[in-house]
Structure formats: structure tokens, C-alpha cells
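I opened this chain to note how its helices pack, and then to look up a few single residues. The entries follow in the order in which I made them.

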Amino acid sequence: MHIAMLSPIAWRTPPRHYGPWENVVSLLTEGLIRRGINVTLYATGDSLTKAKLKAVCMRGYEEDSDVIPKVEECLHISELFEHADQYDVIHNHFDFLPLSYSSMTTTPMVATIHGFSSPAILPVYEKYNKKVFYISISDSDRAPSLDYLATIHHGIKLDEFSFQAKPDNYLVFLGRIHKDKGAREAIDIALASGIKLVMAGIIQDKDYFDECVAPQFKPGKIEFLGSVGPEKRNALLGGAMALLHPIFFNEPFGLSVIEAMACGTPVIAFNRGSMPELIEHGKNGFLVTDVDQAVTAVSQLNSINRSDCRLHVEQFFNVDRMVDDYINAYQQIMDKTARKPNPNHSWGYYTLLTDSTHYKIREITVFPGKRTSIQSHRNSDKHWLIVSGLGEATVEDRISTYKPSQSIDIPRHSKHRIHNPSNSIDLRLIEIQTGDAFEDDDTHT
């Protein structure tokens, strides 16, 4: 099994501090490598991996102001698809844009949908719904109009998070400084509880930060650290009485939620999106609806056994479970798209790529020294495009040899067949059939 892993290029894979999608890609890629699976990672050139790294963009565009995002994204995605035939499965973590390339290769693609940034992008997913296999990261983040292969919750490496049985006397907010994440509400909860709040994360909305968050900073009460790396994050989460997560959007997943619990730290979250899939109310945190309920939950933190928080992550959100789930998904995809010889066709086999009302597209493989039966079709025309090998095509009484990238037009009613003259190499071609009706077996001789 050879997987092409397409990571975003906003940040390095794995990220230095912020970059949740890149973080998941790194965890999955390195987990697959540990299982002995061949992975080629398409990511930034400064990425750290034991996989084979293919890079066009040397640094993430969020980390290098000289990088033009759209230019690098186009080069990054096209680099993979120009080599798509080398892989068994393409795994897309790059949102919706790579879906538009999926019909340009016969290699199956799976896309992990890390969330819908806007309902406006849904039509792209809908267009490729039957072409691409979709993975949701929570049951709550499924679009009713899409078909999904599976839901696979994220997992984390537990050895990167130290369990701390006795916390210090502070609450923590870890996330983007944006109104969707409830940074101001976290401050309100802490102030009403009379407990110090330590905040960390990138400033995503500068106006919101300047107007609603920064004016509340006061040493010993509300402190802001900015974005923190893995070691500081571990210490910050482990020392906290609780992680405050008062979100105002249906969050597809919450990595900081399971990271906090891995340290033994319970989570107080607004009950939206995936939160009920991550938090067991009253056991490893509290699901609340507003600031007042969150303040009450702070007063009940002594009822939470911090060991239960860690155990919950060990059982359901460890990286090995995530890797297992994705390997199972890859195998399902390969089974569903397997190019299996048809016992009724001794000459080779074909894979149906598209079966529409007015056209059909197949990839055909003819074994060395074999030829298809003679056919003719009353209601449809054919077009053959040689992909690899040599094809000796017979159309009526004309016999011609064709090389890769050459094509053959076959009008309806014409008797035709194709022969692979090689003694050792398969002949592969794409067949496009157009017309009013499709009959594979009009005439056989």
C-alpha cells in the first residue's frame, strides 16, 4: 500500500505552534510509517517526517510573508496529481480544491473533511460526492447531502501530554482569539469565578482582540501568553484546573479539548458541535449553555476525577486508534476500487470510472499477447486513448499500432478489437463511449 498524503501548506507539518490540520496529518503520517506503510507526504519543504517528502513550497505561507498563497497552493496540489498514478490511494487534507482534480486520475481519493468554512463550499463536495470517499471528523459535522465512508475522530500521542493529578490555581483558554472561540466569555467566566485565567493562542481577529480581550488583561487575573509550542502547551494544560471552551460555533472537533483531558484537565465547554462526542458530562468535564452555567461548573470541578479524563483519551482518542481507523478506510477503498480480472474476459479486465446517461468511461487493461473480442455497437461511438503500452487496434479492415497519448476513434456499427502485441507489458487505455444506449456485447466473434 502506497499512500500520497496531501497536507495543507499554511504551516509546517507538524506545526511549530498553531496548525491543527497539519498536526493531524503529521500524527497520521508518522503513525502509518511506524506500521510499515509506504507514505509520500506532500507538505512544506521544512516539514519533519520519516515519510518521503515532496515539497514545492519551502515554508508555510502563514510563516513567510514572501509566499503568495494561491500560487503555492496551485503548484503544491498539481505536483501530487501529476504523479497520481504512482499511488494506491490519495489522502486529501487540503479542503475542497483538490477535489476538482479527482477526475484526472484513476487513483482513488479519500478526503478528510476538517470542517466546512462556509456553506458556499458545499457544492464542490456535492459535485464529487460519488467520485471521492469522504471522512468526517465527528458525527455532528456531517452534511446531509454527502455520503461518508466513516467518521474518524482525531487521536493524539499520549506521550506528548503529561498527566498532572494536582493542578495549580488557574483556568486556561487555549485557542484562536476570535469571537467564535469565546475568548471574551472565557474571561467573563474566570472573573465571575474569582480564579486567574491564562490565555494562549494566535490572534485571528485583531479588532476583536483589541476591543474585547486585551483591555481585560491584568497580571495575576487575566494573562495572555500568545501562541505556545508543544512543551509550553503541555505544562499550561496540565497545570490548569479546567480548560474553558465557550465556543459560539458548531466546532467539527476540538484538539485542545482532548489534549487537556490527556493531561488530566477537565473541560467546561458550550454544548455545540462535536462537544458531546468528546466530553462525558459530569465525568471528564461539563457541557453548558452559557456563562452562568459555566461559572457553576467551575464550582463543581472537585467532583471530577482527573484520572478519568486521562483514561477517556487513552480509550477513545489515542493516535494508534486513529491510525487503525484510517488503515481500515484505505483497505475499504482499495477493495471497492480494485481492478479485478473478469473470469469471463481472458484477455484482461476493465474498471468502470463513470456511468452516466449519455456516456460511459472505462479504464481497460489488456494482458500481454491478448486481444479483446470483435465488437460493434449500434447505438454508440467509442474513443480509445492509450495510457501505457502499445495497442494494435483493428477498426473494420484497418489495423494500426498506437503509442501512449495516441487515440483511436471508432464510429458506431464499426467492427473493432484491440490487441496487446507485447510479451511482458500490460496495455492500458481509457475508453469513452457516447450515445443513446450502451451494449458491451452487441457482436462477438
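**Entry 1, helix α10.** I began with helix α10, residues 306–316, in what is a predicted model, and listed its buried residues as Arg306, Cys309, Arg310, His312 and Val313. These cover an arc of only 155° around the axis, so they sit on the same side of α10. I then looked up what this set packs against, and found α6 (230–238), α7 (255–262) and α8 (275–278).

**Entry 2, helix α6.** Since α6 had come up as a partner of α10, I turned to its own buried residues, which are Arg233, Asn234, Leu236, Leu237 and Gly238. They pack against three strands, β8 (170–174), β9 (196–200) and β11 (243–245), and against the helices α7 and α10.

**Entry 3, α4 with α9.** Two packed helices are described by the angle between their axes and the distance between the axes. For α4 (residues 183–193) and α9 (residues 291–299) I noted an angle of about 50° and axes 9 Å apart. As 65 to 115 degrees would count as roughly perpendicular and under 35 as roughly parallel, α4 and α9 are therefore oblique to each other. Their crossing is right-handed. On the α4 side I wrote down Glu185, Asp188, Ile189, Ala192 and Ser193, which meet Val291, Ala294, Val295 and Val298 of α9. By class, the contact of α4 with α9 holds six nonpolar residues, one polar residue and two charged ones.

**Entry 4, α1 with α11.** The axes of α1 (residues 20–34) and α11 (residues 319–336) come within 9 Å and cross at roughly 75°, which makes α1 roughly perpendicular to α11. From α1, the contact takes in Val24, Leu27, Leu28, Gly31, Leu32 and Arg34, while α11 brings Val319, Asp320, Met322, Val323, Tyr326, Ile327 and Tyr330. I sorted the residues of this contact into ten nonpolar, one polar and two charged.

**Entry 5, Val110.** Which residues does Val110 touch once its neighbours within four places in sequence are left aside? I found Val89, Ile90, His91, Asn92, Val132, Phe133, Ile135, Tyr330 and Ile333; Tyr330 had already appeared on the α11 side of the contact with α1. Val110 lies in strand β5, residues 109–113, and with a relative accessible area of 1% it counts as buried. I also checked Val110 against Gly220, 110 residues apart along the chain, and their C-alpha atoms are separated by 48 Å.

**Entry 6, backbone exceptions.** Most residues other than glycine have a negative phi, and most peptide bonds are trans. Against that background I noted a cis peptide bond joining Thr13 and Pro14, with omega about -5°; Pro14 is in the loop between β1 (2–6) and α1. Ser405 has a positive phi, near 80°, and is found in the loop between β18 (398–402) and β19 (407–410), where it is exposed, with a relative accessible area of 66%. For His413, phi is likewise near 80°, its place is in the loop between β19 and β20 (416–419), and it is exposed at 53% relative accessible area.

**Entry 7, the whole chain.** Last, I took down the totals: eleven helices and 21 strands, with 52% of the 445 residues counted as buried. Along the principal axes, the C-alpha atoms fill a box of roughly 90 × 40 × 40 Å. Of the contacts with a separation of 6 or more, 64% are between residues 24 or more positions apart.

Key: Residues are numbered from 1 along each chain as its sequence is written. This is a predicted model: local features need pLDDT of at least 70, side-chain atom pairs count only at pLDDT 80 or more; totals for chains, interfaces and linings use all residues. Side-chain values use heavy atoms; hydrogens and water are left out. Axes are lines fitted to C-alpha atoms, for helices over the stretch in contact, and angles run from 0 to 180 degrees between N-to-C directions. Angles under 35 degrees count as roughly parallel, over 145 as roughly antiparallel, 65 to 115 as roughly perpendicular and the rest as oblique. A crossing is left-handed if the near helix is turned anticlockwise from the far one by less than a right angle, and right-handed if clockwise. Contact means heavy atoms within 4.5 Å. Ala, Val, Leu, Ile, Met, Phe, Trp, Tyr, Cys and Pro count as nonpolar, Asp, Glu, Lys and Arg as charged, and the others, Gly among them, as polar. Buried means under 20% relative accessible area, exposed over 50%, partly exposed in between (1.4 Å probe, protein chains only). The arc is that of the directions from the helix axis to the C-beta atoms.
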